[in-house]
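I sat down with this one to look up its pockets and how its helices pack. Here are my notes, in the order I took them.

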Amino acid sequence: MAKARAKTAPPPGRFDGEALGLVLFALGIFLAVTLLLPQFFTGGGIMAQANEALIGWLGWGATLLPLVPVCYGVLVFLGRDLSGLTRRVLGGAVVVAALLALHEVFVPGAAGEGAARVMAPLTGTLSYAAALLPLVVLTLGLEIMLRLPPFTLLKGFFRGVSVLLGGGATAVQGAIEARQDGREAARARGGV
């Protein structure tokens, strides 16, 4: 019996995921408090400065920041695989960056300083056409999250649009031909 217990004891140099998981979870809670409760931080304290810096640079995207360490903390605490979460976090970061850039195109100054600096040259030269680049980046982020090959969603979108346009052109052409046939029939009756 004593030998069976000795064999199941963990080796002394084993990685302790519970401690790291709790630290990451606490970091996520700290970020959430810093970002979501700014009314408690008056003056020029460190929490107020951190809030202003994060909200100033990331805009509304900063409110999603606490989710990353909380999710990693929970998975590390439970001893789960992090590869699926890492792919989703990377894809989510690309999606949020694209959404911030789109928001900056349509509502200048509302998406944070980072998006304003990135999109300023594009919106200055292309105006609303600058929204095409963030849309392409958005689809790439979704493809990273869903494990799709690059540009799959974009190709599907353009195929759908071309089918709709082709069907619409066929319908318009049929209506025009029917009207012309009606005119020709009326001319033939008028001549008789």
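Entry one, the largest pocket. I looked up its volume first and found about 580 Å³ of space. The model is a predicted one, so I kept the confidence values for a later entry. I then listed the lining: 29 residues, with L64, G92, A93, V96 and A97 the closest to the pocket's centre.

Entry two, who builds that lining. I found two or more residues coming from each of α3 (46-58), α4, α5, α6 (113-126) and α7 (132-146). Helix α5 gives the largest share, ten residues. By class I noted 25 nonpolar, three polar and one charged residues.

Entry three, the second largest pocket. I read off about 150 Å³ of space here. My list of its lining is L132, L135, V136, T139, L153, L154, F157 and F158. Both α7 and α8 (152-191) supply at least two of these residues. I sorted the lining into seven nonpolar, one polar and no charged.

Entry four, α4 against α5. How do these two helices run relative to each other? I found that the axes of α4 (residues 67-78) and α5 (residues 83-106) come within 11 Å and cross at roughly 175 degrees. Angles over 145 degrees count as roughly antiparallel, so that is what α4 and α5 are. On the α4 side I noted V68, C71, Y72 and L75 in the contact, and on the α5 side L85, T86 and V89. This contact has six nonpolar residues, one polar and no charged.

Entry five, confidence. The mean pLDDT is 85, with 90% of residues at 70 or more. I found the lowest confidence in helix α1 (residues 2-8), at a mean of 58, and the highest in α5, at 93.

Methods. Residues numbered from 1 in each chain as written. Predicted model: local features only at pLDDT ≥ 70, side-chain atom pairs only at ≥ 80, totals over all residues. Heavy atoms only, no water. Axes fitted to C-alpha atoms, helices over the stretch in contact; angles between N-to-C directions. Parallel < 35°, antiparallel > 145°, perpendicular 65-115°, else oblique. Contact = heavy atoms within 4.5 Å. Nonpolar A, V, L, I, M, F, W, Y, C, P; charged D, E, K, R; others polar. pLDDT = per-residue confidence, 0-100. 1 Å grid on protein atoms, 1.4 Å probe; cavity = no way out; pocket = protein on both sides within 12 Å on 5 of 7 lines; lining within 4 Å. Points joined across faces, edges and corners; volume = space filled by probe spheres on them.
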